[in-house]
Amino acid sequence: MGKESIKLIANNKKAFHDYFIEDKYEAGISLAGTEVKSLRMGKCSVKEAFIRIEKGEVIIYGMHISPYEKGNIFNKDPLRPRKLLLHKHEINKIAGKMAEKGYTVVPIQVYFKGSLVKVEIALARGKKLYDKRQDIAKKDQRRESEREFKVKNLY
């Protein structure tokens, strides 16, 4: 496994549906040993996760890492809050943007980068209902045009 090889563990498609993604950041995550073993098996979900900044620290809530099957008393709570590791200037920049109305921070994906577990987080602005409808209409239109193109090229 190379130093820069990336292996995706979990991603959050719901974030792209519910938010406009502004900036992306790569953060490390503080984990216990059995949690890393569970992640290597792909047992992770970030669909319901959210991120807060408390006392200058970035903490992710609602990230579910299933308990390691072969673990024992060392298994941690699957939904416990976990600390994200970012530089101080990145935390200050994110906190400044979060103070503005309508901005939030959401996790986009969890992956291995080399042997380290990383979380890609994004500064996002919430979509209104009509924005979601426009996205769905664009997606349907693109799908329809691809279908027509495929049928046209068959004959």
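**Exercise A: Lys-55**

Is Lys-55 buried or exposed?

Solution. Start with the relative accessibility of Lys-55, which is 85%. Then apply the cut-offs: buried is under 20% relative accessible area, exposed is over 50%, and partly exposed is in between, with a 1.4 Å probe and protein chains only. Lys-55 therefore counts as exposed. Next, place the residue: Lys-55 is in the loop between β4 (50-54) and β5. Finally, check the backbone. Lys-55 is not a glycine, yet its phi is positive, about 55 degrees.

Ground rules for everything here: the model is predicted, local features need pLDDT of at least 70, side-chain atom pairs count only at pLDDT 80 or more, and totals for chains, interfaces and linings use all residues. Residues are numbered from 1 along each chain as its sequence is written, and side-chain values use heavy atoms, with hydrogens and water left out.

**Exercise B: Confidence**

Find which element of the chain has the lowest mean pLDDT and which has the highest.

Solution. Begin with the scale: pLDDT is the predictor's confidence in each residue, from 0 to 100. Take the whole chain next. Its mean pLDDT is 84, and 96% of the residues reach 70 or more. Now go element by element. Helix α4 (residues 129-154) has the lowest mean, 82. Strand β5 (residues 57-61) has the highest, 91. Keep one caution in mind: where pLDDT is low, the predicted coordinates should not be read in detail.

**Exercise C: Overall build**

State how many helices and strands the chain has, and how spread out it is.

Solution. Fix the terms: helices (H or I, at least four residues) and strands (E, at least two) are DSSP runs, numbered from the N terminus. The chain has four helices and nine strands. Their order from the N terminus is β-α-β-α-β-β-β-β-β-α-β-β-α. The radius of gyration is 19 Å, well over the 15 Å that the globule rule gives for 155 residues, so the chain is more spread out than a compact globule. This radius is taken over C-alpha atoms, and the rule is 2.2 Å times the number of residues to the power 0.38. Add the outline: along the principal axes, the C-alpha atoms fill a box of roughly 60 × 40 × 30 Å. Buried residues make up 33% of the 155.

**Exercise D: Strand pairing**

Work out how β8 (103-113) pairs with β1 (6-11) and with β9 (116-126).

Solution. Apply the rule: two strands pair if DSSP finds at least two bridges between them. β1 and β8 run antiparallel, with five bridges. Ile-6 stands opposite Lys-113 there. β8 and β9 also run antiparallel, with ten bridges, and Tyr-103 stands opposite Arg-125. Look at the turn. Two residues separate β8 and β9 in a hairpin, and Gly-114 in the turn has a positive phi of about 70 degrees. Check the cover: eight of the eleven residues of β8 are buried.

Then follow β9 onward. Strand β2 (residues 19-29) is antiparallel to β9 over nine bridges, with Glu-26 opposite Glu-120. β2 also pairs with β7, antiparallel, over two bridges. Ile-29 has Leu-84 as its bridge partner in β7.

**Exercise E: Helix α2**

Identify the buried residues of helix α2 (residues 33-40) and say why they lie on the same side.

Solution. List them: Thr-34, Glu-35, Ser-38 and Leu-39. They share a side of α2 because they cover an arc of only 145 degrees around the axis. The arc is that of the directions from the helix axis to the C-beta atoms. Now find the packing partners of these buried residues: they include β1, β8 and β9. Past the helix comes Gly-42, with a positive phi near 85 degrees.

**Exercise F: Contacts of Ser-5 and Asp-18**

Determine which residues beyond four places in sequence are in contact with Ser-5 and with Asp-18.

Solution. Set the limit: contact means heavy atoms within 4.5 Å. Ser-5 lies in the segment before β1 and is partly exposed, at 25% relative accessible area. Its contacts are Phe-112, Lys-113 and Gly-114. The C-alpha atoms of Ser-5 and Phe-112 are 7.8 Å apart, across 107 residues of chain.

Turn to Asp-18, in helix α1 (residues 13-18). Asp-18 is in contact with Gly-126, Lys-127 and Lys-132. The side chains of Asp-18 and Lys-132 make a polar contact at 3.5 Å. A polar contact is a pair of N or O atoms within 3.5 Å; within protein, one must be able to donate a hydrogen and the other to accept it, and residues adjacent in sequence count only if both atoms are side-chain atoms.
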